[in-house]
Amino acid sequence: MPGSAEAGGLDALLDRPVLEVAPALLGAVLRHETLDGVVAVRLTEVEAYDGPHDPGSHAYRGRTARNEVMFGPPGRLYVYFTYGMHFCCNVVVGGPGDPAAVLLRAGEVVEGHDLARSRRRGGERDLARGPARLCQALGIDLAHNGADLRSGPLTLTAGEGPRVVSTGPRVGLRRAADRPWRFWAADDPSVSVYRPAAPRPRRRPS
DNA sequence: TGGGCGATTGGCT
DNA sequence: GCCAATCGCCCAC
């Protein structure tokens, strides 16, 4: 099946254009081991952010303290804090100086259900349904920004992807909202709900 | 140096 | 469907 990758093939997987990497990450498993135990999530929804060419990317306006990790080597986790209360995480793609990344938007908990539930409110289906929920279920925060996903407490393992991959516009973006760079496993209940960006109120409706 | 706004979520109408 | 929570980032002044 096209796009499928074997476990351990992470480096080969990430060494491709981000628009190819993103759908290929569907089915991959992100696993986090802490003192509390282990939670692992099989990815069912991701979004591609194409560095300097993409007005929707954090890296569009160049290197800053926040997006530093995006400019580093691939295979690391880029974590950012948003809305004053949530964390979201990305897999860094592309070589140094090419700040592409794949936002991990949703997944299905495949290991550590009890621990994930203790970190989150809500039912099984909602445990990792949405980028901030996924981070919460896995216990990911800013302390994990820049973490190497090949070894250590956080690992990403390529896996078999879904039979059908759907594509559509990314969620919540005002800029470049038309680019269909969101990828998800068709008919998977753990995929998050699409919400277009809230339109900015007109300053002076004249 | 100030202020608008965000790759969101959950609670309430 | 609507909206508050909540604060760091970043651009404009």
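Student: In this predicted model, which residue brings a polar backbone atom to 3.0 Å from a phosphate oxygen of DNA strand B?

Tutor: The model is a predicted one, and the distance of 3.0 Å falls within the 3.5 Å allowed for a polar contact. The protein atom of this pair belongs to the backbone, its partner is a phosphate oxygen of DNA strand B, and the residue that supplies the backbone atom is Ala132.

Student: How far does a polar side-chain atom of Arg133 lie from a phosphate oxygen of DNA strand B?

Tutor: Arg133 is among the residues that come nearest to DNA strand B, in a list that also holds Tyr80, Asn90, Arg174 and Arg195. In the case of Arg133 a polar atom of the side chain faces a phosphate oxygen of the strand, and the separation between the two is 2.4 Å.

Student: Which elements give two or more residues to the surface near DNA strand B?

Tutor: The surface near DNA strand B divides by class into nine nonpolar, seven polar and seven charged residues. The elements that contribute two or more residues to this surface are strand 4 (86-93), strand 5 (100-111) and helix 4 (131-138).

Student: What kind of atom of DNA strand B lies 3.0 Å from a polar side-chain atom of Tyr80?

Tutor: Of the atoms of DNA strand B that lie within 4 Å of the protein, 57% belong to sugar or phosphate, while the rest belong to bases. Tyr80 pairs with the base part, since the partner of its polar side-chain atom, at 3.0 Å, is a base nitrogen.

Student: Which residues are around DNA strand C, and what share of its atoms within 4 Å of the protein do sugar and phosphate account for?

Tutor: Around DNA strand C stand Arg61, Thr64, Arg66, Phe81, Tyr83, Gly84 and Met85. For the atoms of DNA strand C that come within 4 Å of the protein, the share that sugar and phosphate account for is 65%.

Student: Which residue has a backbone N or O atom 2.3 Å from a base oxygen of DNA strand C?

Tutor: Thr64 has a polar side-chain atom 2.9 Å from a phosphate oxygen of DNA strand C, and for Arg66 the corresponding partner is a sugar or linking oxygen at 3.5 Å. The pair with a base oxygen, at 2.3 Å, uses a backbone N or O atom, and that atom belongs to Tyr83.

Student: What is the volume of the largest pocket, and which of its 31 lining residues are closest to its centre?

Tutor: The largest pocket has a volume of about 1000 Å³. Of the 31 residues in its lining, those closest to the centre are Tyr80, Tyr83, Arg105, Val171 and Gly172.

Student: Which element supplies the largest share of the lining of the second largest pocket, whose volume is about 200 Å³?

Tutor: The second largest pocket, with a volume of about 200 Å³, is lined by 14 residues, and those closest to its centre are Pro162, Arg163, Ala185, Ala186 and Asp188. By class the lining holds five nonpolar, three polar and six charged residues. The largest share amounts to three residues, and these come from strand 2.

Student: Is His144 buried or exposed?

Tutor: His144 sits in the loop between helix 4 and strand 6 (154-157), and beyond its sequence neighbours within four places it is in contact with His32, Leu77, Val79, Gly139 and Leu154. Because its relative accessible area is 16%, which is under the 20% limit, His144 counts as buried.

How values were computed
Residues numbered from 1 in each chain as written. Chains lettered and ligands numbered in written order. Predicted model: local features only at pLDDT ≥ 70, side-chain atom pairs only at ≥ 80, totals over all residues. Heavy atoms only, no water. Near = heavy atom within 4 Å. Polar contact = N/O pair within 3.5 Å; in protein donor to acceptor, adjacent residues only side chain to side chain. Helix = DSSP H or I, 4+ residues; strand = E, 2+ residues; numbered from the N terminus. Nonpolar A, V, L, I, M, F, W, Y, C, P; charged D, E, K, R; others polar. 1 Å grid on protein atoms, 1.4 Å probe; cavity = no way out; pocket = protein on both sides within 12 Å on 5 of 7 lines; lining within 4 Å. Points joined across faces, edges and corners; volume = space filled by probe spheres on them. Buried < 20%, exposed > 50% of the residue type's maximum accessible area, 1.4 Å probe, protein only. Contact = heavy atoms within 4.5 Å.
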